[in-house]
Amino acid sequence: MAQKVAVLGTGKIGEALLSGMIRAGWAPADLLVTTRRQERADELRARHGVTPVSNLEAAKTADTLILTVKPQDMGTLLDELAPHIPADRLVISGAAGIPTSFYEDRLAAGTPVVRVMTNTPALVDEAMSVISAGSHATPEHLAHTEEIFGAVGKTLRVPESQQDACTALSGSGPAYFYYLVEAMTDAGILLGLPRDKAHDLIVQSAIGAAIMLRDSGEHPVRLRENVTSPAGTTINAIRELENHGVRAALIAALEAARDRSRELASGTKD
């Protein structure tokens with residue numbers, strides 16, 4: 001862990017990554033950050049002991065560069081950095097929808113690039129980070145990337161062709177669950193429960209169900225069947241979900257998210 005790692009454009013996810021790396025054993029002195037505002041830089045230094053630097057200094061001195069700026073700002077950042085990034089630097093992209101070829105075309109020939117799609121549960125060390133290698137990334141580069149992002153959750157390697165699907169399922173995934181909890185809370189209120197009690201009931205049920213899905217080894221259909229007794233309350237609720245096309249709506253929603261990810265990759269920004 002003696003290598004220097006720089007996080008460029010350190011927002012909430014970037015800060016969560018830094019915090020996780022420090023807890024996993026990285027020395028704060030080996031972690032560099034770049035920000036747009038001096039106040040933010042001072043805050044990160046005070047909170048984590050990391051070193052704020054300019055983008056150019058990060059490009060020249062860090063062994064690994066993690067680019068976490070917004071997708072629409074990535075081209076401008078690469079134009080600034082490209083002349084200063086040696087071809088042996090590992091560049092990790094955390095920007096949604098941008099393929100590794102976008103970076104390889106702008107950086108020195110042979111520069112290793114790894115694409116990572118993570119999600120907001122990184123803030124509580126429960127991220128799902130999906131990792132794909134660019135043309136010049138080696139197994140060692142992928143292992144190093146897994147070591148970094150493993151500090152804030154689980155990692156999974158996939159071919160880059162599957163990144164848009166992973167973005168739809170996992171990158172955007174937390175929002176779907178928040179949406180479902182919001183709807184169920186409203187239903188609880190309609191059924192006569194105070195909002196806070198409805199919220200607590202639903203959140204704990206969600207946590208318990210998620211742990212059972214993760215740890216039991218059972219198929220979700222089997223777990224659902226275990227709750228669904230003949231002519232009972234659950235099967236009546238499931239019937240209404242099917243009558244309203246919830247399953248089909250979810251599939252359509254995920255397809256829409258995947259398609260938007262593809263549009264971002266092709267340069268559509270509106």
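**Exercise 1.** Is L241 buried, partly exposed or exposed? Work it out, then place the residue on the predicted model.

*Solution.* Start with the cut-offs: buried means under 20% relative accessible area and exposed means over 50%, with partly exposed in between. L241 has 42% relative accessibility, so it counts as partly exposed. Next, find its home: L241 is in helix α11, residues 233-243. Finally, look at its company: together with V246 and L250, L241 makes a nonpolar surface patch of about 240 Å².

**Exercise 2.** Trace the open sheet and find its edge strands.

*Solution.* Eight strands line up as β3-β2-β1-β4-β5-β6-β7-β8, with mixed pairing. The edges are β3 (51-52) and β8 (153-157), each of which pairs on one side only. Now zoom in on β6 (residues 113-117) and β7 (residues 127-133): they run antiparallel and are joined by four bridges. Within that pairing, R115 sits opposite S132 in β7.

**Exercise 3.** Which side chain meets R115 in a salt bridge, and where does that partner lie?

*Solution.* The partner is D164, at 3.7 Å from N to O. This pair ties together distant parts of the chain, since D164 belongs to helix α7 (residues 163-171) and R115 to strand β6, 49 residues apart. Check the burial too: R115 is buried at 5% relative accessible area, and D164 is buried at 14%.

**Exercise 4.** Set E43 and R47 beside that pair: where do they lie?

*Solution.* Both are in helix α2 (residues 38-48), four residues apart, or about one turn. Their closest N and O atoms are 3.7 Å apart. E43 is partly exposed at 34%, and R47 is partly exposed at 49%. Widen the view and a salt-bridge network appears, linking E15, R40, E43 and R47.

Note on methods: Residues are numbered from 1 along each chain as its sequence is written. This is a predicted model: local features need pLDDT of at least 70, side-chain atom pairs count only at pLDDT 80 or more; totals for chains, interfaces and linings use all residues. Side-chain values use heavy atoms; hydrogens and water are left out. Patches are made of residues with over 30% relative accessible area and no salt bridge: like charges are joined within 9 Å, nonpolar side chains (Val, Leu, Ile, Met, Phe, Trp, Tyr) within 5 Å. Accessible areas come from the Shrake-Rupley method with a 1.4 Å probe; for residues, only the protein chains shown count as cover. A salt bridge is a side-chain nitrogen of Lys or Arg within 4 Å of a carboxyl oxygen of Asp or Glu. Buried means under 20% relative accessible area, exposed over 50%, partly exposed in between (1.4 Å probe, protein chains only). Two strands pair if DSSP finds at least two bridges between them. Helices (H or I, at least four residues) and strands (E, at least two) are DSSP runs, numbered from the N terminus.
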